Amino acid sequence: MSVSIKNVSHSFFTKSELHVLENVNIDIKGGEFISIVGPSGCGKSTLLNIICGLIKPIKGEVLINNEKITDLSRALKHNLGYMMQQDNLLPWKNAFENAAIGLKLKGVPKDEQEKIIRKWFHIVGLRGFEKAYPRELSGGMQKRVALVRTLAINPSIILMDEPFANLDFQTRLLIENDFIKFVKELKSTVIFVTHDLTEAIILSDRLALMTARPGTIKKIYTIDIRRDDIFKMRYSPEFSKLFEEVWSELSIEVLKSREAEIEEGKVEEKKRKIVVPPPEL
Ligand SMILES: Nc1ncnc2c1ncn2[C@@H]1O[C@H](COP(=O)(O)OP(=O)(O)O)[C@@H](O)[C@H]1O
Ligand SMILES: [Mg+2]
């Protein structure tokens, strides 16, 4: 399923106008995996909320398979799965019930639900935790339940907002690997927000770099590094070259965004001298 983001601009109006997105344009082909990277506060989560119809932009539009998205229900008709940044589980439901919510809504029979969730819990390392309640799970485990909830319905379009942010390194590697295999088999279109440049390059066909707020697309990179082994890929010369290229642009935006925060008085004066460290490889 294709997704077209056309001339999207957005502002929030609280005490004053906060101009968050400015004329964002991206055309995403069906089955494509695109990452969106940009400084914190540049409007990435807002953009995902606009794509799925949760927020109506003040200008522009989003089309899924050429149909204009006017609200969430229209986006859901296209079999869209969304793992939000603060994707809370229902505290009164156990891990299995939380993970199976989407399947239940779709009317999938109970025994089929069990089969699917069991398979996914095995993949993400949650086997044996089906009956645990969210309060009994670590933050990383709760994230994995939310991940299963999103993927269990075999979505045609997947929106993900920093989905692997608080997983430990080993778990993250395994899940990234299975996730990429899954979406390629399913031919899902993926729009993936991450602050982790390594992850963005390793997983995506293209990477859209956003500017500091108001966020707009600064550059779109095509990633055609061989992806036979996503672990080894990060040590290839092509990877390093692209990483440096993107980071040289991204770091400018991160600094701009920090300067703007200082102007707005959000960061104390004494932190002004902090330089942005290069991210870990
Ligand atoms: N519902 C809202 N009302 C007012 N301001 C908001 C709202 N949602 C987000 N913002 C502000 O808009 C800016 C962009 O937010 P967000 O899209 O979450 O950025 P990102 O995901 O890139 O970190 C931030 O300054 C945030 O505080
Ligand atoms: Mg965000």
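Q: A helix is a DSSP run of H or I that covers at least four residues, and helices are numbered from the N terminus. Which helix gives the most to the shell around ligand 1?
A: In this predicted model, H1 holds that place, with three residues. Helix H1 (44-51) and strand S2 (17-28) each supply at least two residues of the shell.

Q: How do you know which residues surround ligand 1?
A: A residue is counted if its C-beta atom, placed from the backbone, lies within 6 Å of the molecule. The residues surrounding ligand 1 are Phe12, Thr14, Leu18, Val20, Ser40, Gly41, Cys42, Gly43, Lys44, Ser45 and Thr46.

Q: What makes up the shell around ligand 1 by class?
A: The shell has four nonpolar, six polar and one charged residues. Glycine is placed among the polar residues and Lys among the charged ones, so Gly41 and Gly43 count as polar and Lys44 as charged.

Q: What makes S4 and S5 paired strands?
A: Two strands pair if DSSP finds at least two bridges between them. Strand S4 (residues 59-64) and S5 are joined by two bridges, in the antiparallel sense, and therefore they meet the condition. Within this pair of strands, Ile64 stands opposite Glu67 in S5.

Q: Why are S2 and strand S5 (67-68) said to stand at the edges?
A: The open sheet to which they belong has four strands in the order S2-S1-S4-S5, with antiparallel pairing. S2 and S5 each have a single partner strand, so one side of each has no neighbour in the sheet. Helix H1 packs on this sheet and touches strand S1 (3-13), S2 and S4, its direction making about 120° with that of S1.

Q: How do you know that S6 and S7 pair?
A: At least two bridges are required. Strand S6 (residues 80-83) and strand S7 (residues 157-161) run parallel and are joined by four bridges, so the requirement is met. In S7, Leu80 has Ile157 as its bridge partner, and Met83 has Met160.

Q: Which way do the residues of S6 point, and are they buried or exposed?
A: Leu80 and Tyr82 point one way, Gly81 and Met83 point the other way, and all are buried. In general, side chains of a regular strand alternate between the two faces of the sheet.

Q: What makes S6 an edge strand?
A: The open sheet in question has six strands in the order S6-S7-S8-S3-S9-S10, and the pairing is mixed. S6 and strand S10 (217-222) each pair on one side only, and these are the edge strands. From one strand to the next, the twist averages 15°.

Q: Which strands does H1 lie across, beyond those of the four-stranded sheet?
A: H1 lies across strand S3 (33-37), S7, strand S8 (189-193) and strand S9 (206-210), and runs at about 150° to S8. Helix H6, by contrast, lies across S6 and S7, at about 170° to S6.

Q: What makes a set of residues a nonpolar core, and how many residues has the largest one?
A: The set must consist of buried residues of the nonpolar kinds listed for a core, joined through C-beta atoms within 7 Å. The largest such core has 62 residues, and those with the most contacts inside it are Ile51, Trp120, Val148, Leu159 and Ile191. Helix H6 (residues 139-151) provides the largest share of this core, six residues. Beyond residues up to four places away in sequence, Ile191 touches Val3, Ile28, Ile34, Ile36, Leu48, Ile51 and Leu159.

Q: Why does Asn23 count as partly exposed?
A: A residue is buried with 20 or more other C-beta atoms within 10 Å, and exposed with 12 or fewer. Asn23 has 14 C-beta neighbours, and it is therefore partly exposed. Asn23 lies in strand S2, and its phi is near 45°, a positive value in a residue other than glycine.

Q: Why does Asn79 count as partly exposed?
A: Asn79 has 16 C-beta neighbours inside 10 Å, which places it between the two limits. Asn79 is found in the loop between helix H2 (72-77) and S6, with phi near 60°, which is positive in a residue other than glycine.

Q: Why does Met1 count as partly exposed?
A: Its 19 C-beta neighbours inside 10 Å do not reach the 20 required of a buried residue, so Met1 is partly exposed. Met1 lies in the segment before S1. Met1 and Asn66 are 65 residues apart in sequence, and their C-alpha atoms are 9.3 Å apart in space.

Terms used
Residues numbered from 1 in each chain as written. Chains lettered and ligands numbered in written order. Predicted model: local features only at pLDDT ≥ 70, side-chain atom pairs only at ≥ 80, totals over all residues. Contact = placed C-beta atoms within 7 Å. Axes fitted to C-alpha atoms, helices over the stretch in contact; angles between N-to-C directions.
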